[in-house]
Amino acid sequence: MTTGQSMTAAGSSSIGESRLDVEQIRQDFPILGQQVNGKPLVYLDNAATAQKPRVVIDAIQEYYQTYNSNIHRGVHHLSQVATEAYEKARVKAQRLLNASESREIIFVRSTTEAINLVAQTFGRERLQAGDEVVVSAMEHHSNIVPWQMICQEKDARLRVIPINDKGELLLEEYERLLSERTRVVAVTHISNALGTINPIEQMIEMAHQYDAAVLIDGAQGAPHLPLDVQALDCEFYAFSGHKFYGPTGVGVLYGKGDLLDSLPPYQGGGEMILSVSFEETTYNVVPHRFEAGTPNIVGAIALGKAIDYVIHIGLERIAYHEDELFRYATQQLSGLPDLTIIGTADSKASIISFVMDDIHAHDVGTILDQEGVAVRTGHHCAQPVMDRFEVPATSRASFAFYNTKEEVDVLVEGIGKVIEVFK
Ligand code: 7TS
């Protein structure tokens, strides 16, 4: 943890110690102050999308009010200002991930698009019949289906790392799956349905022994853990802006520079070309080769502001606070009758999925909503996880750095009401 540093996280006041001043931070998120169903909002659906600090909201308004313009093509003033802001955001993402060059950052629509991009470029070019792609049994659908699609097309095989009853990957099974046929390992950093933090460093090293490329789905990882893609040595790392306190419609794909240079384009159009004629088109350099058409300019700029905001608070302090909340919530929920936590890995992030005896998750969610508590219910786009644990759905509370222990108490009281209603 960072200690003893005087930081002015979240606005103007000095925190002056390693703990977060959560009440101060909450002032930066206008949405958190509202009431839902006559109760103060308790927002515990951060794994689906996180709330936005005022600096992000203001950046969006400022862009449209003062310098809305297309980028990389105008000599006029507004275009230059917008281009500079967009490219600055790329450098912010580079620093967040500790990528060695800014061209290794590609702005995409979301994690989903990032994974499709890799499957349709790297996968399309490198996979041959009989090759294998390894994913895990705890992947979000967006890290399964794009691989399934390209495997079908190439007559390649999708292999799946199984998980144990705690929701941990079985590393000895992973080792057995790896071979000279493995071209890609695509695995999530943190499971959105179970909260498991996977040992990706070790998994990347194991994959590299077979020269397989590794894509890390960082949709849940990037907002909650400090990252260093150079130390990790993964080929690709993907995350979504909207789970990182930024806007929807923008995300980041990191790829190793030399590898990106060697890949064909994903989509064709403006911006990704150097020259076009009906006889021949030459493609632009990385990252522009992968950013066809007018991108989400304001999205990238506002994501840059979110990155500044998060870095200012400090991902280590965020991880520490969220871990405290997670431990407290786990302890409180474990004491409740008729409630079972799904996903009890030794290494977990601040995501708690649970089921209640004879009560459907949607009923849990509806009653909690009456108390102002927002949780997600359903299969969380991870149906294989539901199958593995033989449940149709779970209720899921997922925490961010602006959540408090008092909010955990409201959740626990709300679940008490659920029990009252159904027993
Ligand atoms: N990967 C993981 C691990 C995710 O949790 C999600 C979204 C995605 C990929 C896809 O992200 P997107 O931004 O491209 O949609 N997870 C969730 C969730 O848990 N609830 O809603 C969306």
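This report describes the ligand site and the domain layout of a predicted model.

The protein chain is assigned two parts: domain 1 (7–51 + 315–422) and domain 2 (56–311). The C-alpha centres of domain 1 and domain 2 lie 27 Å apart. Where the domains touch, 40 residues of domain 1 and 33 residues of domain 2 take part in the contact.

The ligand occupies the largest pocket. Both domains contribute to the shell around the ligand, with at least three residues coming from each of domain 1 and domain 2. In that shell, 3 residues are nonpolar, 10 are polar and 4 are charged. There are 17 residues around the ligand, and those that come nearest are T112, D217, S240, R376 and R396.

Three side chains have polar atoms at short listed distances from the ligand, as the table shows.

| Side chain | Ligand atom | Distance |
|---|---|---|
| N192 (N or O atom) | oxygen | 2.8 Å |
| D217 (N or O atom) | nitrogen | 2.5 Å |
| Q220 (polar atom) | oxygen | 2.7 Å |

How much of the ligand's exposed area does the protein bury? Taken alone, the ligand exposes 480 Å², and the protein buries 89% of that.

D217 appears in two of these descriptions: this residue is among those that come nearest to the ligand, and its side chain has an N or O atom 2.5 Å from a ligand nitrogen. For N192 and Q220, the ligand partner is an oxygen atom.

Technical notes
Residues numbered from 1 in each chain as written. Predicted model: local features only at pLDDT ≥ 70, side-chain atom pairs only at ≥ 80, totals over all residues. Heavy atoms only, no water. Near = heavy atom within 4 Å. Polar contact = N/O pair within 3.5 Å; in protein donor to acceptor, adjacent residues only side chain to side chain. Areas by Shrake-Rupley, 256 points an atom, 1.4 Å probe, with all protein chains shown as cover. 1 Å grid on protein atoms, 1.4 Å probe; cavity = no way out; pocket = protein on both sides within 12 Å on 5 of 7 lines; lining within 4 Å. Sits in = over half its atoms within 2 Å of the grid points. Nonpolar A, V, L, I, M, F, W, Y, C, P; charged D, E, K, R; others polar. Domains from an automatic or database assignment. Contact = heavy atoms within 4.5 Å.
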